Amino acid sequence: MNTLFAVEAVRKRYRGADRDALGPVSLRVEAGRHLAIIGESGCGKTTLSRIMLGLLPASSGSVHYRGAPVHGLRGSAARDLRRRVQLVLQDPFASLSPRMRVGDIVAEPLRILNRGTPVQARVAELLAAVELDPAFARRFPHELSGGQRQRVAIARALGPRPEVLVADEPVSALDVSVQAQVLWLLRRLAEHEGLTLVLVSHDLGIVQNLCHTSAVMHRGVIVESGATAALLASPQHPYTRELLASVPTLPQRPQ
Amino acid sequence: MNVLEIRDLTVRIGGRTVVDSVNLDVGRGERVGLLGESGSGKSLTCMATLGLLPHTARATGSIRLVGEQILGATDRRMRALRGGQLGCVFQEPQSALDPLARIGDQLTSPLRARARISRHQRHELAVDLAARVGLPDPQHIVRRFPHELSGGQRQRVVVAMATAAAPALVLADEPTTALDVTVQAHILELLGGRVTETGAALLLVTHDIAVAATTCDRLVVLRGGIVVEQGLTGDVLRRPAHSYTRELVDAAYATSYTRPLVLETA
């Protein structure tokens, strides 16, 4: 198999803390797979994703992307990683610059990471891919609904044609009907572009609908991982069981 | 008799109608879910019932709590009702609690507002209430301050206060939205248990269909300030009559975790 991310025994202790926020954690992300990192607040899932992206240094351990360490990259090597790995965050109200038009927001990474791309045509193509009218390019984020903003964030992330999309709670801030649309969009795009997906989420419904494999985190470590269907059907770790038992569920739908 | 009867409730803010001719009943001991997405008017309906609408809002219609007209009631009367006949639980327990008052004093405040209670009795009552809502180490936790408690523990305190004076109705506006799912399960169980123990009815305001489905007998679906559908929980989920409800239920099934049919026990 083609391993993209290799995380080895990563630990993180924040300055002034008396215990590790994370670790030791080891995991692999294989090309073309959709991996969910599941956990509740404070479990370390966001810290782990930041370290994988090279945005936060680990206290010990290592992260490699396609065999090259992600930390300490500079210049064209750093740009190359940014191009290959893109990020979508939870809150599209906070992640989009309020002073930039949608067209510029989507174009920005293209200008920086994919020099020489005909930007305008690509922006139109990206907006179409996330099912937004090209006229949205002229608008500002405050003129958009939450779901539309998240589509813009996804379009921006897809711009550089990444191999991996890391999505940190991508639909948690959205209304249920919009969640379903954005989820469907993510799934379709991931298939269409052959994307590898790393989904960081507390929401088992989203995970169940989007990811082949899952890793459950609790108090900074992965307590259980494996195929999502198997993990949800027969959870082994007591925490996973508690988590599954806690989720409010809808009654079985009549066929 | 219904504990809550809302008739033709209309709320306007700055010329915009945000709640439009809403009718809603909650029977004695009944659990009703008020379901809607952002901007549906669900929270404003709740605020109107609590007498806590913003000053710029104009409300017309009728809201009766155990027969008494409370729409347009004086602040003094509403203060007496809240914490008395009308318990309330909000999304954010941090802001619902006084940061400078000890947990024990806050727990007993709904009771102290209604009867003279000696200092000694107060402590006993606080410890008893803390124990009833499953707070750890009740003897000591009553001396602590809100910031020393976790989010789930704080929401337990709020639930205890909302149900302390045996209310006719508990209004809970997104009570578990800020909490982790394992904590949410405990709080929903506690809230359900407390309303059963005290005989209160529950009006649960939520955007989460699964939360409403596990807690409520009946659902009222609100969209753009209008009640588009109401009915028994099972009926609404199985046979949604309105196209919006159908869309909402479909979306919920598409995004909700569905428990595998056979749960293996190792």
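Is Arg28(A) buried, partly exposed or exposed, and at what relative accessibility? The first close-up takes up that residue, and the views after it move on through this predicted model.

**View 1. Arg28(A) and Glu8(A) meet in a salt bridge.** Arg28(A) counts as partly exposed, because its relative accessibility is 46%. Its partner Glu8(A), at 36% relative accessibility, is partly exposed too. The two side chains come to 3.3 Å, N to O. Arg28(A) belongs to strand β2 (residues 22-30) of chain A and Glu8(A) to strand β1 of chain A, so their pairing ties together parts that are 20 residues apart in sequence.

**View 2. Phe5(A) and Tyr65(A) form an aromatic pair.** Here we stay with strand β1 of chain A, where Phe5(A) lies. By the rule used, the count over all chains is one aromatic pair. The rings of Phe5(A) and Tyr65(A) are arranged edge-to-face, with 4.8 Å from centre to centre and 65 degrees between the planes. Tyr65(A) sits in strand β4 (residues 60-65) of chain A, so this pair joins parts that are 60 residues apart in sequence. Both Phe5(A) and Tyr65(A) are buried.

**View 3. Helix α4 (residues 102-113) of chain A has a set of buried residues.** They are Val102(A), Gly103(A), Ile105(A), Val106(A), Ala107(A), Pro109(A), Leu110(A) and Leu113(A). What do the buried residues of α4(A) pack against? Their partners in chain A are α2 (75-84), β6 (85-88), α5 (119-129) and α6 (146-158).

**View 4. Arg156(A) and Glu108(A) link helix α6 of chain A with helix α4 of chain A.** Their side chains meet in a salt bridge of 2.8 Å, N to O. This pair connects distant parts of the chain, 48 residues apart. Arg156(A) counts as partly exposed at 27% relative accessibility, and Glu108(A) is partly exposed with a relative accessible area of 30%.

**View 5. Glu125(A) and Arg161(A) share a salt bridge.** The N to O distance is 3.8 Å. Glu125(A) lies in helix α5 of chain A and Arg161(A) in the loop between α6 and β7 (164-168) of chain A, so the contact ties together parts that are 36 residues apart in sequence. Glu125(A) has 42% relative accessibility and counts as partly exposed; Arg161(A), at 49%, is also partly exposed.

**View 6. Charged residues of chain A form a network.** Salt bridges link Arg66(A), Asp80(A), Arg83(A), Arg84(A) and Glu163(A). Over all chains, the structure holds 22 salt bridges. Another kind of contact involves Arg139(A), whose charged end sits over the ring of Phe136(A), 4.4 Å from the ring's centre.

**View 7. Ser49(A) is buried in helix α1 (residues 45-52) of chain A.** Its relative accessibility is 1%. Leaving aside residues up to four places away in sequence, Ser49(A) touches Val166(A), Asp168(A) and Val200(A).

**View 8. Chain B meets chain A.** The contact draws 35 residues from chain B and 34 residues from chain A. Between them the two chains bury about 3100 Å², 57% of it on carbon and sulfur atoms. In chain B, Tyr253(B), Thr255(B) and Tyr257(B) lose the most area to chain A, together 24% of what that side buries. How many salt bridges does the rule find across the interface of chain B and chain A? It finds zero.

**View 9. Confidence varies along chain A.** The average pLDDT of chain A is 92, and 99% of the residues score at least 70. Helix α3 (residues 92-95) of chain A has the lowest mean, 81, while strand β1 (residues 3-12) of chain A has the highest, 97.

Terms used:
Residues numbered from 1 in each chain as written. Chains lettered and ligands numbered in written order. Predicted model: local features only at pLDDT ≥ 70, side-chain atom pairs only at ≥ 80, totals over all residues. Heavy atoms only, no water. pLDDT = per-residue confidence, 0-100. Helix = DSSP H or I, 4+ residues; strand = E, 2+ residues; numbered from the N terminus. Phe/Tyr/Trp six-rings, centres within 6.5 Å; stacked < 30°, edge-to-face > 60°. Buried < 20%, exposed > 50% of the residue type's maximum accessible area, 1.4 Å probe, protein only. Lys NZ or Arg CZ within 6 Å of the ring centre and 35° of its normal. Contact = heavy atoms within 4.5 Å. Buried area = accessible area lost by both parts, 1.4 Å probe. Salt bridge = Lys/Arg side-chain N within 4 Å of Asp/Glu carboxyl O.
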